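Here are a few exercises to work through with the model open in your viewer. Try each task before you read its solution.

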Amino acid sequence: MLSVPRPTKRFWMTAIVFTEVMVVVKYLFQFGFFPWNSVYDMTLNEDKPFFAPRILGVEKSDNYIKYDLLQLLVLFFHRSLLMRYGLWDHEEPIREKSPSAQSSSDDGKTADVCEDGPKPEESPEEEQLVITEDPADYTEPSSITPAPTPPPAVHSDTTASVDESSGLDSNAQNVPPEETRSADVGPKKRSIRFRRKKTVKPQMTTEASDTPEPGEAESKPEKKKKQKSKRAEAASKRLQAVGQKLKHIGLTGFQAVYQPTQRFFKDIVHAEYRAATDVYALMFLTDVIDFIIIIFGFWAFGKHSAAADIASSLSEDQVPEAFLVMLLIQFRLVPFLVELRAVMDWVWTDTTLSLSDWMCVEDIYANIFIIKCSRETEKKYPQPKGQKKKKIVKYGMGGLIIFFLICIIWFPLLFISLVRSVVGVVNHPIDVTVTVKLGGYEPLFTMSVQQQSIKPYTQTDYDDLTRKFGNNAVAMQFITLYSSEDIVTAMIEGSSGSVWRISPPSRQELIKELLESQVDLTLRLAWTFQRDLGKGGTVEHTFDKHSIDLEPGSLVRSDLASLLVGNRTKPVLVPHMFPNYIRAPNGAEAKPVSQLFEEGEKGYLNITLSLMSDKSLKSSGTQEWWDIAIADCVNSCGVLPMIIFNDKVSPPSLGFLAGYGIMGLYVSVVLVIGKFVRGFFSEISHSIMFEELPCVDRILKLCTDIFLVRETGELELEEELYSKLIFLYRSPETMIKWTRDNHSSDQERH
């Protein structure tokens, strides 16, 4: 597509026929009776990229023909474009061909012509073989020099040819000149001539046989010996001629395949008309190499990527560093493709312009070309003067812009709302962990519950919850955002899941700090929820904590110290410690639901802490653990119920957008697009002088002249034309004269 000159008709026909054949072949190999199309083989080789039928394209697949049909459609579309513009039957420029052997039928002379013109006589390498039907009548090859005029008589031994089917009679002396011509066989500079000598019948030589000649004295054995040697020599000559002919056919066939291929790549790399974009041929070759490496050699990048392929790695957002470096080295910086193309053109093109001047010419040419297209559109579809714009134009263009801007403004709110209500999925926690710590010491209590202890809310439970908070409008506003399927209850066991493993020195230090320290000691309750990211969402773990400060001399500190010393066995009451309503949002913080606690943190549940011990294990000594219970509980006092409100999460396909949230979407989408739109509408006045040009033909021609003199090597003229272009943009008066419409200019002249 980028080659100069364009590919020939044979190239496109080969591509079309090849694609059609591949469509038929792939269809034929979709039947299940082929051994590699069995269910067992397909399952066994599902993840093997080097499966032979998969590489050859004959594997059974549901989408086996989709891309081939698309390619065929593109080829036919390109063929229609070439036929439309008259380029389908376009042939290559006529090349100088070497003259061939010519003969004149008027005067009957024969001449050998080569690339350098006619030769007066043949070289010693050019052998002429006279082959007759009877090997006995063979005559030795001789060098024949063409005479300026045809001979008056043709001797029967040298020029008369014999018809292979019936032969000639005795009156065959008057043979037409066309029958005396020799056939050139072989390469241009070597010709092998075949002639059949006329066999003379016995009745023609009766008179001559009556007169004895001196040569008849030879004996018959010697004559037979000469004839036998002549036959052997004639056979060897025939074999050499056949070998030369076969060699010529082989060379011709090889050159018929090799020369077009060589000419195709030569035209790409060394084009006759070298444009500034010839480097794209090498970029196209690089893309082909990249494609082959990506498909067949991706496994070689990275230390542990042998079992991965390109599809799975990209879907997991994992790209090996070596693979990324290779792509960056080969001009794959797609975001800067225009700038990259311009800089590459400047680097590999002989020019007097600096890089900034080059970019200036490129920008001017691009803008002028767009303006030229706009003016041609205005000429093709003129707007009468004094006629208002049609409603279809106003509502079609303006209405779409208004709709687009409103969608951009409301996109974050609308998207998050849809994620929550329509397309969002429920992703309950699969693990809930609760931990209680006192200061910086070993945790007092740690307990985890999994799915069997995380019970979904029923409709009855939901109705009870709404009746409980029916008089609280703020609480009901929050509850109505969720349905029963969004709420679960984590039943946390009151006994710690691990033994309290504190060393005796640390235990004594804790007792001392509880009784004697004059600083606050923190009692912290932390919870962590874990979700399954396979169901949706972007955050796996959500967590938060609630802390209370135990002041010096408080009752809780003294009771805890008594438990540790062993002077107390009753549980210690800790007020406002356990929030039983938690919200699990899409983010990483799972905070208590403040709307359901009228008094804030004072509405949290009171708990009791108990230090339990077991002395039954003699060998390992006494083991201790902590128990937590809800204070003043009536039923199920050994369980801590935590009601979790789960926000709907986005499905995996929309996780990359939902993860930003409303503010993130506003910053990344709305503000960026808003700045672009405002710049488009607010900077129009700055470009009136350079965009509202009635006729840009002269400026466009000046730009093309710069390109032309650059290609021809007239660098001084290129610099002068560039100075003229810059002066034109610096002088408004000159710009007005240059961009006048041709019609208005003619009216001013008249």
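**Exercise 1. Work out whether R583 is buried, exposed or partly exposed, then do its salt-bridge partner too.**

Step 1. This is a predicted model, so you're reading computed values throughout. R583 comes out at 29% relative accessibility, so call R583 partly exposed.

Step 2. Now look for the acid. The side chain of R583 meets that of D647 in a salt bridge, at 2.7 Å from N to O.

Step 3. Place both ends. R583 is in strand β12, while D647 sits in the loop between β15 and α17 (655–658), so this salt bridge ties together parts 64 residues apart in sequence.

Step 4. Check the acid's surroundings. With 4% relative accessibility, D647 counts as buried.

**Exercise 2. Find the strands that pair with β15, and say which way they run.**

Step 1. Start with β15 itself, residues 639–646: 7 of its 8 residues are buried.

Step 2. Take β12 (residues 581–584). It runs parallel to β15, joined to it by 4 bridges. For a landmark, look at Y581, which stands opposite I643 in β15.

Step 3. Take β8 (residues 487–493). Here the pairing with β15 is antiparallel, with 7 bridges. Your landmark this time is E493, whose bridge partner in β15 is V639.

**Exercise 3. The structure holds 16 salt bridges. Compare where R507–E624 and E376–K372 sit along the chain.**

Step 1. Begin with R507 and E624, whose side chains meet at 2.6 Å, N to O. R507 belongs to helix α15 (residues 504–516) and E624 to strand β14 (residues 623–630), so this pair links parts that lie 117 residues apart in sequence. Both R507 and E624 are buried.

Step 2. Move on to E376 and K372, where the closest N and O atoms are 3.0 Å apart. These two are 4 residues apart in helix α11 (residues 355–380), which means about one helical turn separates them.

Step 3. Check exposure for that second pair. E376 has a relative accessible area of 37%, so it's partly exposed. K372 has 19%, and the cut-off for buried is under 20%, so K372 goes down as buried.

Step 4. Look for further links: K372 and E376 join D697 in a network of salt bridges.

**Exercise 4. Which residues of the largest nonpolar core touch the most other members, and what does W626 contact?**

Step 1. That core has 46 residues, and the ones touching the most other members are L438, L523, F529, L560, W626 and M642.

Step 2. Skip sequence neighbours within four places and list the contacts of W626. Among them are L444, F445, W500, L560, L563, L564, L609 and L611. The list also takes in G494, S495, S496 and S610.

Step 3. Look apart from this core and you'll find another, of 19 residues, including V361, I368, I699 and L728.

**Exercise 5. How many disulfides are there, and why does C703 not bond to C360?**

Step 1. Search the whole structure: the count is 0.

Step 2. Try C703. Its closest cysteine sulfur is in C360, 9.4 Å away, and that's too far for a bond.

Step 3. Note the exposure of two cysteines. C703 has 0% relative accessibility and counts as buried. C695 counts as buried too, at 6%.

Methods:
Residues are numbered from 1 along each chain as its sequence is written. This is a predicted model: local features need pLDDT of at least 70, side-chain atom pairs count only at pLDDT 80 or more; totals for chains, interfaces and linings use all residues. Side-chain values use heavy atoms; hydrogens and water are left out. A nonpolar core is a set of buried Ala, Val, Leu, Ile, Met, Phe, Trp, Tyr and Cys residues joined through side-chain atoms within 4.5 Å. Buried means under 20% relative accessible area, exposed over 50%, partly exposed in between (1.4 Å probe, protein chains only). Contact means heavy atoms within 4.5 Å. A disulfide is a pair of cysteine sulfur atoms within 2.5 Å. Two strands pair if DSSP finds at least two bridges between them. A salt bridge is a side-chain nitrogen of Lys or Arg within 4 Å of a carboxyl oxygen of Asp or Glu.
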